[in-house]
Amino acid sequence: MVVAATTASPIKVGVITDQTGPLSFMGIANANVARMVVDEINARGGVLGRQVELYLEDSATTDSAAQAAATKLVRHDHVDVIFGGIYSSTRQAIKGPAVVDGKTLYIYPEQYEGQECDPLIFCTGPVPAQQIEPLFPWLMQQTGARTFYLPSADYIWPQVLNAKVREVVTANGGAIVGEEYFPLDHTDYRETVERIMSSGADVVFNTIVPPGLTPFLEQLHDAGFSSRGGHLVCTYFDENFLNLVPAEHVEGLYSCLDYYEDVSDPFSNAVLARYDELFPGSAKFTAGSACSGMYRGLRLWEAAVTEAGSLDQEAVIDALDHAKIPRGPGGPAEMVPGQHHVRMNMYIAQANNGVFKVVEDLGVIDPKESAVGREQEARAISA
């Protein structure tokens, strides 16, 4: 019996991630997770009886490279779905050729500022309602902190996140005493650190990103911010970032993510052990680096395609809108119907001698994102 080539042909999954450049320590880990999950899917017979073929592209920590990679995946490789992107500007660079022009399903795995509301985009990392809203009231209650300084990279993620921080802090009786924005490649923060120290801020909420991150943390530490009792907060910080800096530069730092290595349920432990066996080295399986979001996204997509029974994009989107996975790194996860964002477990952790320790299990938290209209969704799919 001859099976038609179209029936047996592989399902094409495109992944765009920063395997070179300043974010390569994150992007390499993302690429590793994609390889691991796709290999596991194929070892169990694939999806709908078809193997999954991974098309892995390097966005090189530049938005132009991400845009070119998305164009290639859509126009040349004709992938069925695209995953990836770390910076929010990279998501926007991928969105143009992949979603706007290519009408291709796109799953973004990184924690970010929220507010993405495109019918063809699903987001599998935490958003401000899952990070800022629970973390800051807890921090203010636990430490008595009332004044906050916000040194920031100058792009959409820090700007939107800082607006949420201002809202939450002021609602809880605190004040923002400084807010500054810098180009991504800025490295001399001595004047900013002087202003932080003279402000008497209780908390520095950092959204500076690599390559500026390391010099900022060094300059803040050398000025004695932590030794005088100041608290450092960075919601994207994870075990990969701990590897970048001396432990004393981030001692006591608070973070809030959907997974840390200290989360010790059996399934999370098994995922981490499998990853470490396959990919020993410095590119760790972490949440801030979008590894948990990549894992979660691939598994939710797999569940949606299985439920849809085909790769028909409208059917897959309908299934993905309510897709669930009973187990994942950090716990189970499910799409909130209509929102294209994930309800998931969240944790507050603190750096202690170069290791993150979970100090508060926040339980399951909703993303509280805007609903994607069904009419808007239908127009995007049929366009």
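This passage goes through the overall build of a predicted model, then its cysteines and a handful of individual residues.

Starting with the whole chain, the protein comes with 13 helices and 14 strands. Its radius of gyration is 21 Å, close to the 21 Å that the globule rule gives for 383 residues, so the protein is as compact as a globular protein of that length. Along the principal axes, the C-alpha atoms fill a box of roughly 80 × 45 × 35 Å. Of the 383 residues, 57% are buried. Looking at contacts with a separation of 6 or more, 69% are between residues 24 or more positions apart.

As for the surface, the protein exposes about 14300 Å², with carbon and sulfur atoms supplying 50% of that area. On the charge side, there are 26 positive and 49 negative side chains. The centres of these two sets lie 4 Å apart.

What about the cysteines? A disulfide is a covalent bond between the sulfur atoms of two cysteines. With a cut-off of 2.5 Å between the sulfur atoms, the disulfide count comes to zero. Take cysteine 123: the closest cysteine sulfur belongs to cysteine 117 and sits 9.6 Å away, so the gap is too far for a bond. Cysteine 123 is also buried, at 0% relative accessibility. Cysteine 234 tells a similar story, since its closest cysteine sulfur, in cysteine 256, is 12 Å off and therefore too far for a bond. Cysteine 234 counts as buried too, with 1% relative accessibility.

Cysteine 256 turns up again in the surroundings of glutamine 130. That glutamine lies in helix H5, which covers residues 128-143, and it is buried, at 0% relative accessibility. Leaving out residues up to four places away in sequence, glutamine 130 touches Gly125 and Cys256, along with Val342, Arg343, Met344 and Met346, and also Ile365, Asp366 and Pro367.

The loop between strand E8 (203-205) and helix H8 (213-222) holds proline 211, and valine 209 is in the loop between E8 and H8 as well. A cis peptide bond joins proline 210 to proline 211, with omega at about 10°. Valine 209 is buried, having a relative accessible area of 5%. Beyond its neighbours within four places in sequence, valine 209 is in contact with Tyr87, Ala153, Tyr155, Trp157, Leu184 and Tyr236. Histidine 186 is 23 residues from valine 209 along the chain, and 9.7 Å separates their C-alpha atoms.

Two other loop residues have backbone angles worth a look. Alanine 290 has a positive phi of about 75° although it is not a glycine. It is placed in the loop between helix H10 (266-278) and helix H11 (291-308). Lysine 368, another residue other than glycine, has a positive phi near 55°, and its place is in the loop between strand E14 (355-365) and helix H13 (374-382). Which of these is buried and which is exposed? Alanine 290 is buried, with a relative accessible area of 0%, whereas lysine 368 counts as exposed, at 57% relative accessibility.

Terms used:
Residues numbered from 1 in each chain as written. Predicted model: local features only at pLDDT ≥ 70, side-chain atom pairs only at ≥ 80, totals over all residues. Heavy atoms only, no water. Buried < 20%, exposed > 50% of the residue type's maximum accessible area, 1.4 Å probe, protein only. Helix = DSSP H or I, 4+ residues; strand = E, 2+ residues; numbered from the N terminus. Rg over C-alpha atoms; globule rule 2.2 N^0.38 Å. Contact = heavy atoms within 4.5 Å. Areas by Shrake-Rupley, 256 points an atom, 1.4 Å probe, with all protein chains shown as cover. Lys, Arg positive; Asp, Glu negative; His and termini not counted. Charge placed at Lys NZ, Arg CZ, Asp CG, Glu CD.
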